[in-house]
Amino acid sequence: MVEYAYLIPLLPLASAIIIFFFGRWLPTKGAWLGIVAIAASLVMSVDLFLRYADGTLHLPMEMSWPWFAAGIYPFEWGILLDGPALIMLLVVTTVSLLVQVYSLGYMHDAPRFKRFYAYLSLFTFSMLSLVLANNYLQFFVGWELMGACSYFLISFEFERDAAGAAGNKAFLTTRLGDLGFYAGLLTIFFVVGTFNFGQIAAHLKDGSVSPHMAYIIALLVFCGSVGKSAQVPLHVWLPDAMEGPTPVSALIHAATMVAAGVFLVARTYGFFLVAPQALEVVAWVGGITAVFAASIALTANDIKKVLAYSTISQLGYMIMALGVGGYSAGLFHLTTHAAF
């Protein structure tokens, strides 16, 4: 089963393509196809977890395939299966399955029902490909695809002006953070000449990256987390994103889009360890966000807005935990928050 781990993200992608082009001729307009695909991904993820638990699967495990070449630099599409990725696989597939099953009844009378399920499946593929990525370039592709899907889902009921405006706000606000992330990726490649996580870790271990450059890279990449995980000052998009259908709010707030920012900090932790001053910035941003958002939630009178600000506050706790060195605590809280 391990050698077929690449199918975990590809199954939702295949279902998204089939639903989008042929959904009108399928039973329930393809909804059951999307549910079966993500259920299969969940079964494969659980199997990997059980194999790891009983000691038959040894992590980390990496597989890669040629993607394209730019001059003398080859780029690859690969899979890195380690502890954080295994946890995120379980979280994403479980919540995505529950959301898709719930949407079957919640959205059954909605216009563009077929398109809704195609977006959900594409969103899930984007997050799973990000989680399993073994390099920053593949991570960034999944990251941006997920941002596009969130725009489509938040503004799904675009007949309402508020929904359309909320989608635009979410897209533009998160893009601001992504400018920093993109600059960080360019800096990483300039300094170490590769995007592969394992090769970057080796460069960090042998001292090839100076603390000064590690500090710059860590803060630039963290800009992406600030946008995606709705940290101060780019937190403003998340409360408005509640204009999307309720299942979308569950998918975005529980396990996928907002958790991706926390996961990015975890993936970039090597740079933060070389430049601990950057961790202090992360801790302050997370701590301020946690208190600030919680205080706003106390005054909100719309239950979905209360949940939104509560989510921002909880994300602040996760970011703060990573900032004070609580790597395991941050990922553990990510998992528990997705559950409740």
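Ala230 sits in the loop between H8 and H9, and that is a good place to start in this predicted model. With 0% relative accessibility, Ala230 counts as buried, yet its phi is near 55 degrees, a positive value in a residue other than glycine. From there, the briefing moves through backbone features, a helix pair, aromatic rings and a few individual residues.

**Unusual backbone spots**

- Most residues other than glycine have a negative phi, and most peptide bonds are trans.
- Ala230 shares its loop setting with a cis peptide: Pro233 is also found in the loop between helix H8 (211-228) and helix H9 (237-240), and the peptide bond from Val232 to Pro233 is cis, with omega near 10 degrees.
- Another cis peptide bond joins Leu59 and Pro60, where omega is about 0 degrees.
- Pro60 belongs to the loop that runs between helix H2 (31-53) and strand S1 (61-70).
- Lys29 is not a glycine, but has a positive phi of about 55 degrees.
- You will find Lys29 in the loop between helix H1 (7-22) and H2. Its relative accessibility is 44%, so Lys29 counts as partly exposed, whereas Ala230 counts as buried.

**How do H11 and H14 pack?**

- Two packed helices are described by the angle between their axes and the distance between the axes.
- For helix H11 (residues 257-267) and helix H14 (residues 303-323), the angle is about 0 degrees and the axes are 10 Å apart.
- Angles under 35 degrees count as roughly parallel, and H11 and H14 are therefore roughly parallel to each other.
- On the H11 side, the contact is made by Val258, Val262, Val265 and Ala266; on the H14 side, it is made by Leu315, Met318, Ile319 and Leu322.
- Which kinds of residue make up the contact of H11 with H14: nonpolar, polar or charged? Eight are nonpolar, with no polar and no charged residues.

**Aromatic rings**

- How many aromatic pairs does a search of the whole structure find? The search finds 26.
- Tyr4 and Tyr6 form one of these pairs, which is tilted, with 6.5 Å centre to centre and 50 degrees between the planes.
- Both tyrosines have some access to the surroundings: Tyr4 counts as partly exposed at 43% relative accessibility, and Tyr6 counts as partly exposed at 29%.
- Trp67 and Phe68 also pair, this time edge-to-face, at 5.2 Å centre to centre and with 75 degrees between the planes.
- Trp67 is partly exposed, with a relative accessible area of 35%, and Phe68 counts as partly exposed at 37% relative accessibility.
- Trp67 and Phe68 belong to a cluster linked by ring pairs, together with Tyr73, Phe75, Trp77, Phe189 and Phe195.

**Charges over rings**

- Arg112 lies over the face of Phe156, 5.1 Å from the ring centre.
- Lys114 is placed over the face of Phe20, at 5.3 Å from the ring centre.

**Residues worth a look**

- Trp143 lies in helix H5 (residues 136-154). Is Trp143 buried or exposed? With a relative accessible area of 0%, Trp143 is buried.
- Leaving aside residues up to four places away in sequence, Trp143 touches Leu130, Asp178, Phe181, Gly224, Ser225, Lys228, Ala260, Gly261 and Leu264.
- Trp143 and Val46 are 97 residues apart in sequence, and their C-alpha atoms are 24 Å apart in space.
- Arg267 is found in helix H11, and this arginine is buried, with a relative accessible area of 13%.
- Not counting residues up to four places away in sequence, the contacts of Arg267 are Leu80, Asp82, Pro84, Ala85, Val131, Ala133, Tyr136, Phe139 and Phe197.
- Phe340 is found in the segment after helix H15 (327-339). Its relative accessible area is 66%, so Phe340 is exposed.
- Phe340 and Val95 are 245 residues apart in sequence and 11 Å apart in space, C-alpha to C-alpha.

Terms used: Residues are numbered from 1 along each chain as its sequence is written. This is a predicted model: local features need pLDDT of at least 70, side-chain atom pairs count only at pLDDT 80 or more; totals for chains, interfaces and linings use all residues. Side-chain values use heavy atoms; hydrogens and water are left out. Axes are lines fitted to C-alpha atoms, for helices over the stretch in contact, and angles run from 0 to 180 degrees between N-to-C directions. Helices (H or I, at least four residues) and strands (E, at least two) are DSSP runs, numbered from the N terminus. Angles under 35 degrees count as roughly parallel, over 145 as roughly antiparallel, 65 to 115 as roughly perpendicular and the rest as oblique. Contact means heavy atoms within 4.5 Å. Ala, Val, Leu, Ile, Met, Phe, Trp, Tyr, Cys and Pro count as nonpolar, Asp, Glu, Lys and Arg as charged, and the others, Gly among them, as polar. Rings of Phe, Tyr and Trp (its six-membered ring) pair if their centres lie within 6.5 Å; planes under 30 degrees apart count as stacked, over 60 as edge-to-face and the rest as tilted. Buried means under 20% relative accessible area, exposed over 50%, partly exposed in between (1.4 Å probe, protein chains only). A charge sits over a ring if NZ of Lys or CZ of Arg is within 6 Å of the ring centre and within 35 degrees of the ring normal.
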